[in-house]
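Please explain how the ligand is held in this structure. Describe its surroundings step by step.

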Amino acid sequence: MPGKLYIVPTPIGNLEDITFRAIRILKEVDFILAEDTRTTSVLLNHYEISKKMYSHNLNNEHKTISRLVEQLLAGEKVALVSDAGTPAISDPGFLLVRECIKNDVEVETLPGPVAFIPALVNSGLPCDRFVFEGFLPHKKGRQKKMKQLVEQERTMVFYESPHRLIKALEQFIEYFGENRIASVSRELTKIFEETKRGTLKELINYFSKKKVKGEIVIIIDGKS
Ligand code: SAM
């Protein structure tokens, strides 16, 4: 029997946000590849899943991929999870998926949690067409990316860390103008979940008055 790589999305905060199938697959596979085995242990303990786990992250993925593909070709069934949400979405996963496809190893991605979908839908901005930009580059390439986005007509989606939120909003004002409508979703699915909508200027005013904590998705209206 050939092996198979399952890409298994996991909750982005609320442990209830996992599918029955994801739990079954995590129980059935030969082993789990986790971005951080300690983080994934919390999930596995919650669902009483006891399974061998190995770390698979940005630091080791280049080195381990060929051995993993050999194991898959030898018939092992493997699940890949990240700390939160869907692997390969601003998380490790792409390299392994690509290598599996190159080597005719079957890959099956389960649908499930991802941070930007609830943020996008909750923003109230058009979500029939959108661009997912993930994390903007910190230094090199950031300005170039912003210039490219000036003419973007689709709703734009960004991941950002809380301590860079104000700086990012200031930069968005520089390129899109202070009246561009946007939305900031924080701590989705968690106790202090919050979505603030308004112009970029209103959002800066609101978030500069408090210490911004937690994980953040920024949604920005496209050029009209
Ligand atoms: N793989 C994940 C996914 O499917 O969305 C993304 C992982 S990426 C390393 C982490 C970023 O996702 C955070 O910095 C934040 O921008 C966003 N994120 C993850 N969980 C979130 C949450 N509960 N609320 C808001 N944003 C979240």
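**Around the ligand**

In this predicted model, the shell around the ligand is made of 10 nonpolar, 3 polar and 5 charged residues (Ala, Val, Leu, Ile, Met, Phe, Trp, Tyr, Cys and Pro count as nonpolar, Asp, Glu, Lys and Arg as charged, the others, Gly among them, as polar). A residue belongs near the ligand if one of its heavy atoms lies within 4 Å of it. Thr-86, Ile-89, Asp-91, Tyr-159 and Ile-216 come nearest among the 18 residues there.

Domain 1 (4-109) and domain 2 (116-220) each give the shell at least three residues, the bounds coming from an automatic or database domain assignment.

Backbone atoms of the protein also approach the ligand. A backbone N or O atom of Ile-216 is 2.5 Å from a ligand oxygen atom. Ligand nitrogen atoms lie 2.8 Å from a backbone N or O atom of Ile-89 and 2.9 Å from a polar backbone atom of Ile-12.

Residues are numbered from 1 along each chain as its sequence is written, and side-chain values use heavy atoms, without hydrogens and water. As the model is predicted, local features need pLDDT of at least 70 and side-chain atom pairs pLDDT 80 or more, while totals for chains, interfaces and linings use all residues.

Methods
Polar contact = N/O pair within 3.5 Å; in protein donor to acceptor, adjacent residues only side chain to side chain.
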